Amino acid sequence: MSRVLQNTSLCLVAIALVLVADIAQAINCRVRVSPVNFGTYTPLTPVHLDVTGQIEVRCQAQPGTFEVQFGPGTSGDQTARTLNAGGANILFYNLYRDAGRTQIWGDGIPPTFVVTGARTARGRPTIYNYPVYGRIFANQAPNSGQYSDNIVVTVLF
């Protein structure tokens, strides 16, 4: 018996948080998120389902640094994120900042990591693109349905 889950996706919700110490730290950044869409997951498959999304950070004004953090999603745990289809219907997955999927993208509290960047010049905006590596883990047997999660993306600058 083969069940197929269709339209399994993860919506990344973008929130930019502005932290300005004083007028000299006038870097200004915005974030744009491309959804991480896992597509169809076949239950009990022996291989992980890996996909890639993208985060774009656009900074302008003065030079300065920024940090991109990911929240835990509805699971409340950055190291054990879940896609949900209501009730007890879940799929375990995670988001990573590296293609090898060894560095969980979170708030920087170990064992999670953040992504940092630096704007070194004034003038025209600078655009930074960061891939988001997603993985639904192998050998899961969820019920059919549409699974999703919402992740808060925070840019500190």
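**Close-ups of an all-strand chain**

**View 1. Tyrosine 130, tucked away.** At 14% relative accessibility, tyrosine 130 counts as buried, because the cut-off for that label is under 20%. Keep in mind that this is a predicted model. Phenylalanine 66 gets the buried label too, with a relative accessibility of 3%.

**View 2. Phenylalanine 66 meets tyrosine 130 edge-to-face.** The two rings form an aromatic pair with 6.5 Å centre to centre and 65° between the planes. Why does this pair tie together parts that are 64 residues apart in sequence? Phenylalanine 66 sits in strand E5 (residues 64-70), while tyrosine 130 belongs to strand E9 (residues 126-136), so the contact bridges that stretch of chain. Widen the view a little and Tyr128 joins in: ring pairs link Phe66, Tyr128 and Tyr130 into a cluster.

**View 3. Phenylalanine 70 stacks on tryptophan 105.** Here the rings are 4.2 Å apart, centre to centre, with 5° between their planes, and the pair counts as stacked. Phenylalanine 70 is in strand E5, but tryptophan 105 comes from the loop between strand E7 (90-96) and strand E8 (115-119), so this pair ties together parts 35 residues apart in sequence. Are these two residues buried or exposed? Both phenylalanine 70 and tryptophan 105 are buried. For the chain, the tally of aromatic pairs is four.

**View 4. An open sheet of five strands.** Going across the sheet, the order reads E2-E4-E9-E7-E6, and the pairing is antiparallel. Which strands stand at the edges? Those are E2 (27-34) and E6 (81-84); each has a single partner strand, so one side of each has no neighbour in the sheet. From one strand to the next, the twist averages 30°.

**View 5. Zooming in on E4 and E9.** Strand E4 (residues 49-61) runs antiparallel to E9, and the two pair over 11 bridges. To pick out one of these bridges, look for threonine 52, whose partner in E9 is tyrosine 133. E9 is also the strand that holds tyrosine 130 from View 2.

**View 6. Stepping back to the chain.** There are 10 strands and zero helices, so if you're reading along the sequence, the pattern is simply β-β-β-β-β-β-β-β-β-β. Of the 157 residues, 39% are buried. Among contacts with a separation of 6 or more, 79% involve residues 24 or more positions apart. The accessible surface comes to about 8,000 Å², with carbon and sulfur atoms taking 53% of that.

Terms used: Residues are numbered from 1 along each chain as its sequence is written. This is a predicted model: local features need pLDDT of at least 70, side-chain atom pairs count only at pLDDT 80 or more; totals for chains, interfaces and linings use all residues. Side-chain values use heavy atoms; hydrogens and water are left out. Helices (H or I, at least four residues) and strands (E, at least two) are DSSP runs, numbered from the N terminus. Buried means under 20% relative accessible area, exposed over 50%, partly exposed in between (1.4 Å probe, protein chains only). Contact means heavy atoms within 4.5 Å. Accessible areas come from the Shrake-Rupley method with a 1.4 Å probe; for residues, only the protein chains shown count as cover. Rings of Phe, Tyr and Trp (its six-membered ring) pair if their centres lie within 6.5 Å; planes under 30 degrees apart count as stacked, over 60 as edge-to-face and the rest as tilted. Two strands pair if DSSP finds at least two bridges between them. Axes are lines fitted to C-alpha atoms, for helices over the stretch in contact, and angles run from 0 to 180 degrees between N-to-C directions.
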